[in-house]
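Thanks for coming. I will take a few minutes to walk through one structure, and I will put it on the screen now.

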Amino acid sequence: MRVHVADHPLITHKLTVLRDKTTPSPVFRALTEELVTLLAYEATRGVTVEEITIQTPVTETVGVKISEPRPLVVPILRAGLGMLEGMVKLLPTAEVGFLGMVRNEETLEPTTYAERLPDDLSDRQCFVLDPMLATGGSLAAAIDFLFQRGAMHVTAICLLAAPEGLERLEAETAGKDVTIVLGALDEKLDENGYIVPGLGDAGDRLYGVV
Ligand code: PRP
Ligand code: URA
């Protein structure tokens with residue numbers, strides 16, 4: 001598993017505003033989108049391309065285009081939905097599949113309540129979107145789901161992660177082609193499974209308490 005932690009003042013600045021508990025939902029949503037676009041630049045570094053020949057107004061030249069099958073972007077509902085627009089802004093030709101998962105706040109184990117993905121993900125590059133990698137249970141289950149359908153490579157983009165969650169993912173995805181791109185790696189999980197210092201409940205801050 002490869003882990004890339006962003007190191008850019010613009011990302012740290014936007015994350016600081018996102019962490020602030022006084023930041024209201026509309027600003028939180030806008031910043032989430034902007035952060036994903038910045039992180040997507042790094043996350044798509046390995047996207048498969050092939051050479052094509054085109055005519056410029058001056059001459060013929062060789063460039064590249066993103067290969068088929070198209071990459072698949074998979075936001076994990078709810079909070080991952082807040083990252084979708086920022087991702088497809090950079091990768092407009094991607095297909096989008098959905099996974100709905102919720103973590104039981106007592107056992108911290110995830111349950112999958114919705115799934116809309118292609119049956120066959122053979123040769124697909126998949127990009128999973130979830131702002132929070134806490135215990136890692138939700139992301140590990142999502143990644144396992146995609147590999148079971150034949151995915152070739154999975155890149156996850158998360159705004160924040162806890163070291164405990166990364167360790168779990170490392171163990172559970174051993175031998176698989178997985179990349180994790182993070183806005184920041186935080187200190188730890190608290191006794192309720194929340195990331196510290198974190199930003200609180202990402203889904204609630206994006207969409208309100210349900
Ligand atoms: C949050 C978050 C992740 C998960 C992370 O979702 O968006 O999916 O928790 O926790 P884990 O790493 O310990 O599994 P939540 O279950 O709160 O659902 P929501 O997005 O609908 O708010
Ligand atoms: N889910 C969140 O939304 N925030 C956390 O800190 C942990 C899990």
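Let me begin with a single residue. Alanine 30 is partly exposed, because 14 other C-beta atoms lie within 10 Å of its own. Alanine 30 is part of helix 2. If you look from alanine 30 to glycine 193, you cover 163 residues in sequence, and the two C-alpha atoms are 26 Å apart in space. Please keep in mind that this is a predicted model.

Now to the helix that alanine 30 sits in, and its partner. Helix 1 covers residues 9-19 and helix 2 covers residues 25-43. Their axes are 10 Å apart, and the packing angle is about 155°. Angles over 145 degrees count as roughly antiparallel, and helix 1 and helix 2 are therefore roughly antiparallel to each other. As for handedness, the crossing of helix 1 and helix 2 is left-handed.

Which residues in helix 1 and helix 2 meet? From helix 1 there are Leu10, Ile11, Lys14, Leu15, Val17 and Leu18. From helix 2 there are Phe28, Leu31, Thr32, Glu34, Leu35 and Leu38. By type, the residues of this contact divide into 9 nonpolar, 1 polar and 2 charged.

One of those residues deserves a closer look. Leucine 18, in helix 1, is buried, because 23 other C-beta atoms lie within 10 Å. Setting aside neighbours within four places in sequence, leucine 18 is in contact with Thr23, Phe28, Leu31, Thr32 and Leu199. For one of these partners, threonine 32, I have a distance: the C-alpha atoms of leucine 18 and threonine 32 are separated by 7.7 Å, with their positions 14 residues apart along the chain.

Next, the core. In soluble globular proteins, nonpolar side chains tend to be buried together. The largest nonpolar core here has 52 residues. Which of them touch the most other members? They are Val128, Leu129, Ile157 and Cys158. Take valine 128: not counting residues up to four places away in sequence, valine 128 touches Val74, Ile76, Leu139, Ala142, Ile143, Val154 and Ala156.

From the core I move to two residues that count as exposed. Aspartate 7 is in the loop between strand 1, residues 2-5, and helix 1. Is aspartate 7 buried or exposed? Aspartate 7 counts as exposed, because there are 8 C-beta neighbours inside 10 Å. Along the chain, aspartate 7 and glycine 183 are 176 residues apart, yet in space they are 8.0 Å apart, C-alpha to C-alpha.

The other one is glutamate 167, in helix 5, residues 163-172. Glutamate 167 has 11 C-beta neighbours inside 10 Å and so counts as exposed. Threonine 135 is 32 residues away from glutamate 167 along the chain, and their C-alpha atoms are separated by 9.0 Å.

Last, a few points on the backbone. Where are the cis peptide bonds that I want to show? One runs from glutamate 68 to proline 69, with omega near -10°. Proline 69 lies in the loop between strand 3, residues 60-66, and strand 4, residues 72-77. Another runs from valine 196 to proline 197, with omega near 5°. Proline 197 lies in the loop between strand 13, residues 195-196, and helix 6, residues 202-207.

Then there are positive phi angles. Leucine 108 is not a glycine, but its phi is positive, at about 65°. Leucine 108 lies in the loop between strand 6, residues 98-103, and strand 7, residues 110-116. With 14 other C-beta atoms within 10 Å, leucine 108 is partly exposed.

Aspartate 123 also has a positive phi of about 65° and is not a glycine. Aspartate 123 is found in the loop between strand 7 and strand 8, the latter being residues 125-129. Its surroundings hold 13 other C-beta atoms within 10 Å, so aspartate 123 is partly exposed.

That is the end of the tour.

Definitions and conventions. Residues are numbered from 1 along each chain as its sequence is written. Chains are lettered from A and ligands numbered from 1 in the order in which they are written. This is a predicted model: local features need pLDDT of at least 70, side-chain atom pairs count only at pLDDT 80 or more; totals for chains, interfaces and linings use all residues. A nonpolar core is a set of buried Ala, Val, Leu, Ile, Met, Phe, Trp, Tyr and Cys residues joined through C-beta atoms within 7 Å. A residue is buried if 20 or more other C-beta atoms lie within 10 Å of its own, exposed if 12 or fewer, and partly exposed in between; C-beta atoms are placed from the backbone. Two residues are in contact if their C-beta atoms, placed from the backbone, lie within 7 Å. Axes are lines fitted to C-alpha atoms, for helices over the stretch in contact, and angles run from 0 to 180 degrees between N-to-C directions. Helices (H or I, at least four residues) and strands (E, at least two) are DSSP runs, numbered from the N terminus. Angles under 35 degrees count as roughly parallel, over 145 as roughly antiparallel, 65 to 115 as roughly perpendicular and the rest as oblique. A crossing is left-handed if the near helix is turned anticlockwise from the far one by less than a right angle, and right-handed if clockwise. Ala, Val, Leu, Ile, Met, Phe, Trp, Tyr, Cys and Pro count as nonpolar, Asp, Glu, Lys and Arg as charged, and the others, Gly among them, as polar.
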